[in-house]
Amino acid sequence: MLSDMTPKDLDNFAEGILNGLKLSDDDLRELVSINEKEELEKLHYVSRKVRDHFFRNKVFLYSFVYFSTYCKNKCAFCYYRKPHDIERYRLGVQEVRSICQVLKGENIHMVDLTMGEDPYFHDSPDRFIDIVKTVKSELDLPIMISPGVMDNEVLKELHENGANFLALYQETHDRNLYQKLRTGQSFDDRVNTRKFAKSIGYCVEDGILTGFGEDTESTIRSLRGMEENCPDMVRVMTFVPQEGTPLEGVLQKPNISELKILSIMRLMFPDRLIPASLDLEGIDGMVQRLNAGANVVTSIIPSNSSLEGVVNYDRHLDERDRDPKSVVRRLKGMGMEPAPHSDFNRMLGVVT
Ligand code: SAM
Ligand code: MD0
Ligand code: SF4
């Protein structure tokens with residue numbers, strides 16, 4: 001499909017997407033199967049064109065606060081699964097307040113409050129609501145919550161107390177694969193939690209993993225599955241095998257498939273938020289993901305912080321390079337910059 005296209009054809013393709021062209025399953029099949037470098041470059045080019053139409057050179061920045069690494073689940077891919085014997089931490093309100101002090105004055109658009117499915121918070125949701133209230137009153141910024149599956153009533157209360165965005169990744173919309181990844185968890189509960197959140201006014205993020213041996217058809221099913229519920233933000237992350245987990249023996253794949261799927265997502269979700277996560281390959285990886293069509297940088301962690309990421313590419317490194325200033329410096333080097341806060345609030349539907 002792209003191999004014979006001239007630069008003019010590529011511009012027309014981007015124009016078509018902007019005019020509402022929808023990709024068929026056969027189109028997706030062809031795009032997902034690309035493995036020629038030149039063709040991939042063409043795909044990234046079209047995606048950047050589409051992204052630039054909506055967002056110009058402006059990027060949104062999310063700071064990541066993994067406030068409890070305890071979890072009752074046993075996702076096969078995750079370092080923090082319950083049976084894994086690792087050191088864990090859980091922050092209290094005061095510690096969260098100190099993190100807010102560090103974040104004050106940094107140019108970030110949203111704070112992502114993430115935890116494992118920690119019974120300490122899940123069984124006593126008021127404790128989680130207190131964390132959300134604290135961050136809201138300290139920073140007065142939009143808040144994303146990534147707590148796993150929660151009851152509808154609790155989600156409602158969190159929303160009323162300042163949570164604007166729910167991140168809840170399906171990982172795959174292929175039910176059989178889902179059971180292998182999110183072992184013992186309900187596929188439908190996860191879908192329905194996102195649906196409910198959206199219905200009461202949250203923005204929602206869905207996401208998929210790649211690089212653990214899935215095939216083209218399962219990737220297409222995942223892309224269509226994400227499309228079905230109109231997420232405000234969509235992500236794809238390369239699966240990174242974690243020591244001490246059931247999938248540790250899977251060979252780590254290069255990021256090609258992630259970059260390709262990211263660009264395809266930009267064509268399917270032209271005006272949505274798509275992240276370049278720092279958690280996988282740091283700032284160099286961020287540049288590649290932005291060049292594939294992303295428009296958000298996630299997993300920003302202040303330089304003096306000992307908070308964890310999820311994949312934690314820097315777990316064994318002495319120095320971390322994912323603080324707001326380093327990110328902005330690199331963005332400027334690419335001719336990009338943080339978006340005005342009013343742009344982000346418009347995306348969220350928050351009146352300023
Ligand atoms: N516990 C909550 C939950 O699972 O929804 C919040 C954490 S969630 C934001 C962590 C996400 O990181 C997973 O949904 C998965 O997409 C991603 N992740 C975890 N381990 C990973 C790995 N080894 N490689 C790539 N992505 C991973
Ligand atoms: C990231 N480590 O953006 C974070 C995390 C949770 N909402 C996001 C996966 O990569
Ligand atoms: Fe727990 Fe989330 Fe990790 Fe699954 S992905 S084991 S729910 S922290």
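A polar contact is a pair of N or O atoms within 3.5 Å; within protein, one must be able to donate a hydrogen and the other to accept it, and residues adjacent in sequence count only if both atoms are side-chain atoms. This is a predicted model, where local features need pLDDT of at least 70, side-chain atom pairs count only at pLDDT 80 or more, and totals for chains, interfaces and linings use all residues. Residues are numbered from 1 along each chain as written, chains are lettered from A and ligands numbered from 1 in the order written, and side-chain values use heavy atoms, without hydrogens and water.

**Exercise 1.** Find which side chains make polar contacts with oxygen atoms of ligand 1.

*Solution.*
- Start with Arg-182: a polar atom of its side chain is 2.8 Å from a ligand 1 oxygen.
- Then try Arg-190, with a side-chain N or O atom 2.9 Å from an oxygen of ligand 1.
- For a backbone partner, look at Val-240, whose N or O atom lies 2.8 Å from a nitrogen of ligand 1.

**Exercise 2.** Work out which side chains reach a nitrogen atom of ligand 2, and how much of this ligand the protein buries.

*Solution.*
- Tyr-169 puts a side-chain N or O atom 2.8 Å from a ligand 2 nitrogen.
- For Asp-279, the side-chain distance to a nitrogen of ligand 2 is 3.3 Å.
- Ser-299 has a polar side-chain atom 3.1 Å from a nitrogen of ligand 2.
- Now the cover: ligand 2 alone exposes 300 Å², and the protein buries 97% of that (areas by the Shrake-Rupley method with a 1.4 Å probe; for residues, only the protein chains shown count as cover).
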